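Q: I have a protein model open on my screen and I am new to this. Could you help me read it, one feature at a time?

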Amino acid sequence: MYYPAQLIKEEIEYRKISQKELSKLTGVATNIINEILKGKRNCTPQVAVKLEEALKIDAKVLLRLQMNYDIAKTKIKTIKKINSLSLITDKKKKTLVSALV
């Protein structure tokens with residue numbers, strides 16, 4: 001799954017910008033930038049707009065990546081939960097899982 005942090009990392013590596021420099025350019029705290037890049041924090045609309053100004057990456061692209069990543073993670077978690085249920089038949093599990101995919 002491709003998520004915003006990967007695109008941001010690629011861009012700052014290409015531009016040879018450190019996290020600290022990106023923090024200064026965006027006004028976003030360095031620890032927040034670091035958490036986003038490590039996938040520990042979501043890219044919010046506020047941060048996406050600031051990144052758009054600093055890196056010229058469309059904020060909508062970053063937010064779509066975040067949304068798609070969140071949906072995929074939720075589906076995976078739900079599928080695991082469905083498969084762990086012992087009171088549901090395998091056939092019913094397959095039906096529920098296929099509805100998510």
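**Reading the model step by step**

A: Let's start with a single residue: at 65% relative accessibility, K56 counts as exposed, because exposed means over 50%. Keep in mind that this is a predicted model.

Q: Where does K56 lie?

A: K56 sits in the loop between α4 and α5, and α5 covers residues 59-84. The backbone there is worth a look: K56 is not a glycine, yet its phi is positive, at about 65°.

Q: Which loop holds K16, and what is its phi?

A: K16 belongs to the loop between α1 and α2. Its phi is near 55°, a positive value in a residue other than glycine. With 73% relative accessibility, K16 counts as exposed. There is also a glycine to look at: G39, just after α3, takes a positive phi of about 80°.

Q: Let's turn to the helices. Which residues of α4 are buried?

A: In α4 the buried residues are V47, A48, L51, A54 and L55. Looking down the axis of α4, you would find them within an arc of 125°, so they line one face of the helix.

Q: Which exposed residues are on the face of α4 turned away from its buried side?

A: That face carries the exposed residues Q46 and E53.

Q: What covers the buried residues of α4?

A: The cover includes α1, α2, α3 and α5.

Q: Can we read α3 in the same way? Which of its residues are buried?

A: Helix α3 spans residues 30-37, and its buried residues are I33, I36 and L37. The arc they cover around the axis is only 95°, which puts them on the same side of α3. These buried residues pack against α1 (4-15), α2 (19-26) and α4 (45-55).

Q: What is the general idea behind a nonpolar core?

A: In soluble globular proteins, nonpolar side chains tend to be buried together. Here, the largest nonpolar core has 19 residues. Those with the most contacts inside this core are I8, I12, L22, L51, L55 and L62. Two or more residues come from each of α1, α3, α4 and α5. The helix that gives the most to this core is α4, with 5 residues.

Q: L22 is on that list. Leaving aside its neighbours within four places in sequence, which residues is L22 in contact with?

A: Beyond those neighbours, L22 is in contact with I8, I12, I17, I33, L51, A54 and L55. Try selecting them together with L22 in your viewer.

Q: How do I describe two helices that pack together?

A: Two packed helices are described by the angle between their axes and the distance between the axes. Take α2 and α3: their axes come within 9 Å and cross at roughly 115°. The crossing in which α2 passes α3 is right-handed.

Q: Which residues meet where α2 and α3 are in contact?

A: On the α2 side they are Q19, K20, L22, S23 and T26, and these meet T30, I33, N34 and L37 in α3. The residues of this contact divide into 3 nonpolar, 5 polar and 1 charged.

Q: Is S23 buried or exposed?

A: S23, whose place is in helix α2, is buried, with a relative accessible area of 10%. Once its neighbours within four places in sequence are left aside, S23 is in contact with V28, A29, T30 and I33.

Q: What about residues far apart along the chain? How many residues separate R64 and Y3 in sequence, and what is the separation of their C-alpha atoms?

A: R64 and Y3 are 61 residues apart along the chain, and their C-alpha atoms are separated by 9.0 Å. R64 lies in helix α5 and counts as partly exposed, at 46% relative accessibility.

Q: And what is the C-alpha to C-alpha separation of N31 and K20?

A: From C-alpha to C-alpha, N31 and K20 are 9.1 Å apart in space, and they are 11 residues apart in sequence. You will find N31 in helix α3, where N31 is partly exposed, with a relative accessible area of 46%.

Notes
Residues are numbered from 1 along each chain as its sequence is written. This is a predicted model: local features need pLDDT of at least 70, side-chain atom pairs count only at pLDDT 80 or more; totals for chains, interfaces and linings use all residues. Side-chain values use heavy atoms; hydrogens and water are left out. Buried means under 20% relative accessible area, exposed over 50%, partly exposed in between (1.4 Å probe, protein chains only). Helices (H or I, at least four residues) and strands (E, at least two) are DSSP runs, numbered from the N terminus. The arc is that of the directions from the helix axis to the C-beta atoms. Contact means heavy atoms within 4.5 Å. A nonpolar core is a set of buried Ala, Val, Leu, Ile, Met, Phe, Trp, Tyr and Cys residues joined through side-chain atoms within 4.5 Å. Axes are lines fitted to C-alpha atoms, for helices over the stretch in contact, and angles run from 0 to 180 degrees between N-to-C directions. A crossing is left-handed if the near helix is turned anticlockwise from the far one by less than a right angle, and right-handed if clockwise. Ala, Val, Leu, Ile, Met, Phe, Trp, Tyr, Cys and Pro count as nonpolar, Asp, Glu, Lys and Arg as charged, and the others, Gly among them, as polar.
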